[in-house]
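Here is a short report to read with the coordinates open beside you. It begins with a single contact and works outward to the whole chain.

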Amino acid sequence: GPSGLFGGDSESVLGRGGPDCTRMAEIRTTTITTSSGFIDQNYAKSFSGILKIVQSIVVFVAFLCIRCSNWTHYSTYRYFEVVTIWFLVMALVFYIIYLTRLHLKITCLHWPLTEFLHYVVATILLLIASIVGATKTGGHAGLAAGVLRLC
């Protein structure tokens, strides 16, 4: 038969082509999704999706505990408040991005790395806020919020 790309016949190189198949075969990738529409329902039910919701709830409870406590150090109170709200908002933003499949459309960011860096920074800031909050609190609600974030 006719010569293929590497000296073999075109049948072995290009698959089921024939002698008239002299161009490269087109490579197609297919993504199979069981969830259709704008919302990825599989992500909402996945471990990652549920974990983001649980994180948001825990951070919101910590924020409410600080908000309801009697703080003696105003700057500590504000710092903890800002850090918890920032973490809550970012956790919800990542949840919405993955839920709506925007991470597939916005390809200029490496999403796993972006999320990892967010969690590293958030963990450090929340650890600092929790330690400072737990040591400077005057009420039990503030202490509970500090301990809640340390666990």
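Which backbone nitrogen does the side chain of Asp 40 reach? In this predicted model, the side chain of Asp 40 reaches the backbone nitrogen of Asn 42, at 3.3 Å. Asp 40 is found in the loop between helix 1 (10-14) and helix 2 (41-45). With a relative accessibility of 16%, under the 20% limit, Asp 40 counts as buried.

**Charged pairs**

Asp 40 has a second role to look at. Its side chain meets that of Arg 101 in a salt bridge, with an N to O distance of 3.7 Å. This pair links distant parts of the chain: Arg 101 lies in the loop between helix 4 and helix 5, Asp 40 in the loop between helix 1 and helix 2, and 61 residues separate them. Arg 101 is worth a look for its backbone too, since the residue has a positive phi of about 65 degrees although it is not a glycine. Its loop leads into helix 5, which covers residues 102-105. At 13% relative accessibility, Arg 101 counts as buried, so both Arg 101 and Asp 40 are buried.

How many salt bridges does a search of the whole structure find? The search finds 4. As general background, side chains of opposite charge can pair when their charged atoms come close. Three of these pairs are set out here.

| Pair | N to O distance |
|---|---|
| Arg 101 and Asp 40 | 3.7 Å |
| Glu 115 and Lys 52 | 2.4 Å |
| Glu 81 and Arg 78 | 2.5 Å |

The side chains of Glu 115 and Lys 52 meet in a salt bridge at 2.4 Å. This pair also links distant parts of the chain, with Glu 115 in helix 6 and Lys 52 in helix 3 (residues 47-68), 63 residues apart. Glu 115 counts as buried because its relative accessibility is 10%, and Lys 52 is buried with a relative accessible area of 6%.

Glu 81 and Arg 78 form a salt bridge within one helix: they are 3 residues apart in helix 4, so about one helical turn separates them. Are the two partners buried or partly exposed? Glu 81 is buried, with a relative accessible area of 9%, whereas Arg 78 is partly exposed, with 34%. Salt bridges that share partners join Arg 67, Arg 78 and Glu 81 into one network.

**Helix 6**

Helix 6 runs over residues 111-136, and its length can be checked with simple arithmetic. At 1.5 Å a residue, its 26 residues should span 38 Å, and the end C-alpha atoms are 37 Å apart, which agrees. The buried residues of helix 6 include Trp 111, Glu 115, Tyr 119, Ala 122 and Leu 126. Further along, Ala 129, Ser 130 and Gly 133 are buried as well.

His 118 also has its place in helix 6. At 6% relative accessibility, His 118 counts as buried. Which residues is His 118 in contact with, leaving aside its neighbours within four places in sequence? They are Trp 86, Phe 87, Met 90, Ala 91 and Phe 94.

**A nonpolar patch on the surface**

Helix 6 contributes to the surface too. Tyr 79, Trp 86, Leu 113, Phe 116, Leu 117, Val 120, Val 121, Ile 124 and Ile 128 make a nonpolar surface patch of about 780 Å². Helix 4 (74-99) and helix 6 each supply at least two residues of the patch, and the largest share, 7 residues, comes from helix 6. One of the patch residues is Ile 128, whose place is in helix 6. At 41% relative accessibility, Ile 128 counts as partly exposed.

**The chain as a whole**

Stepping back, the protein chain has 7 helices and 0 strands. Read along the sequence, the pattern is α-α-α-α-α-α-α. Of the 151 residues in the chain, 32% are buried. The accessible surface comes to about 10100 Å², and carbon and sulfur atoms account for 68% of that area. Among contacts with a separation of 6 or more, 62% are between residues 24 or more positions apart.

Note on methods. Residues numbered from 1 in each chain as written. Predicted model: local features only at pLDDT ≥ 70, side-chain atom pairs only at ≥ 80, totals over all residues. Heavy atoms only, no water. Helix = DSSP H or I, 4+ residues; strand = E, 2+ residues; numbered from the N terminus. Expected span 1.5 Å × (residues − 1). Buried < 20%, exposed > 50% of the residue type's maximum accessible area, 1.4 Å probe, protein only. Contact = heavy atoms within 4.5 Å. Areas by Shrake-Rupley, 256 points an atom, 1.4 Å probe, with all protein chains shown as cover. Polar contact = N/O pair within 3.5 Å; in protein donor to acceptor, adjacent residues only side chain to side chain. Patch = residues over 30% accessible without salt bridge, like charges linked within 9 Å, V, L, I, M, F, W, Y side chains within 5 Å.
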